[in-house]
Amino acid sequence: MQINVAQLLKWPVGTTRSYPIDTDEPLMLDDTTTFTLSGGRVRLDRIDSGILARGDVAGSVELECGRCLEMFQAPIQVHFEEEFAPLIEVNTGALLPPPEDELIFTIDPNHLLDLSEAIRQNTIASLPIQPICTPTCAGLCAICGGNRNLNPCTCADDEGENRPFAALRSLLH
Ligand SMILES: [Zn+2]
Ligand SMILES: [Zn+2]
């Protein structure tokens with residue numbers, strides 16, 4: 001997800017370029033979570049301090065369902081808007097001071113703008129807080145612990161008939 005912006009940096013402020021984002025490589029969001037991108041687009045604007053990257057990517061992230069605890073592929077759309085500052089003045093090759101604002105990304109000395117980290121951070125920020133595999137997920141049974149999507153158990157019915165003994169019965173199990 002690297003774009004060479006040497007040319008764009010030489011153009012006047014206000015110049016815009018648009019690029020497709022297509023990569024076969026999944027993006028690791030953390031040690032275990034991967035974002036599989038299906039596509040996207042980014043618009044790069046030459047601004048005073050460098051480049052403003054605005055874009056959208058789509059794909060899927062493997063998440064654990066908050067109800068049944070099974071892993072599932074959640075479709076996801078991510079919008080991002082981030083500033084990138086050059087570390088090298090493109091015309092003279094002079095070193096530039098790093099941006100004071102730590103939230104601003106940098107363009108590497110070879111004028112490569114890497115979108116991966118910006119997309120990673122924005123994807124993490126837009127993940128659902130409590131992901132659910134399907135709106136109708138029946139979740140885990142609070143009594144036997146079984147996945148009620150796979151094995152509809154009758155614990156809840158039994159409990160309804162004989163509520164005071166349900167807790168005792170689960171202890172005996
Ligand atoms: Zn579920
Ligand atoms: Zn049960």
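## A two-domain chain at a glance

Of the 173 residues in the protein chain, 18% are buried. Please keep in mind that this is a predicted model. The chain has a radius of gyration of 24 Å, whereas a compact globule of 173 residues would have one near 16 Å. Along its principal axes, the C-alpha trace spans about 80 × 30 × 25 Å.

**Fold and contacts**

- Four helices and eight strands make up the secondary structure of the protein chain.
- From start to end of the sequence, these elements follow the pattern β-α-β-β-β-β-β-β-β-α-α-α.
- Among contacts with a separation of 6 or more, 51% join residues 24 or more positions apart.

**Domains**

- The domain assignment splits the chain into domain 1 (2–134) and domain 2 (138–173).
- The centres of domain 1 and domain 2, taken over C-alpha atoms, are 46 Å apart.
- Where the two domains touch, domain 1 and domain 2 contribute four residues each.
- On the domain 1 side of this contact there are two nonpolar and two charged residues, and no polar ones.

**The largest nonpolar core**

- This core has 22 residues, and those touching the most other members are Val 5, Leu 44, Ile 51, Ala 53, Leu 113, Leu 115 and Ile 119.
- Two or more core residues come from each of helix H1 (6–10), strand E4 (34–47), strand E5 (50–64), strand E6 (71–86) and helix H2 (116–125).
- A good residue to look at is Ile 51: beyond its neighbours within four places in sequence, Ile 51 is in contact with Val 5, Leu 8, Leu 44, Asp 45, Arg 46, Phe 84, Ile 107 and Leu 113.

Methods. Residues are numbered from 1 along each chain as its sequence is written. Chains are lettered from A and ligands numbered from 1 in the order in which they are written. This is a predicted model: local features need pLDDT of at least 70, side-chain atom pairs count only at pLDDT 80 or more; totals for chains, interfaces and linings use all residues. A nonpolar core is a set of buried Ala, Val, Leu, Ile, Met, Phe, Trp, Tyr and Cys residues joined through C-beta atoms within 7 Å. A residue is buried if 20 or more other C-beta atoms lie within 10 Å of its own, exposed if 12 or fewer, and partly exposed in between; C-beta atoms are placed from the backbone. Two residues are in contact if their C-beta atoms, placed from the backbone, lie within 7 Å. Domain bounds come from an automatic or database domain assignment. Ala, Val, Leu, Ile, Met, Phe, Trp, Tyr, Cys and Pro count as nonpolar, Asp, Glu, Lys and Arg as charged, and the others, Gly among them, as polar. The radius of gyration is taken over C-alpha atoms; the globule rule is 2.2 Å times the number of residues to the power 0.38.
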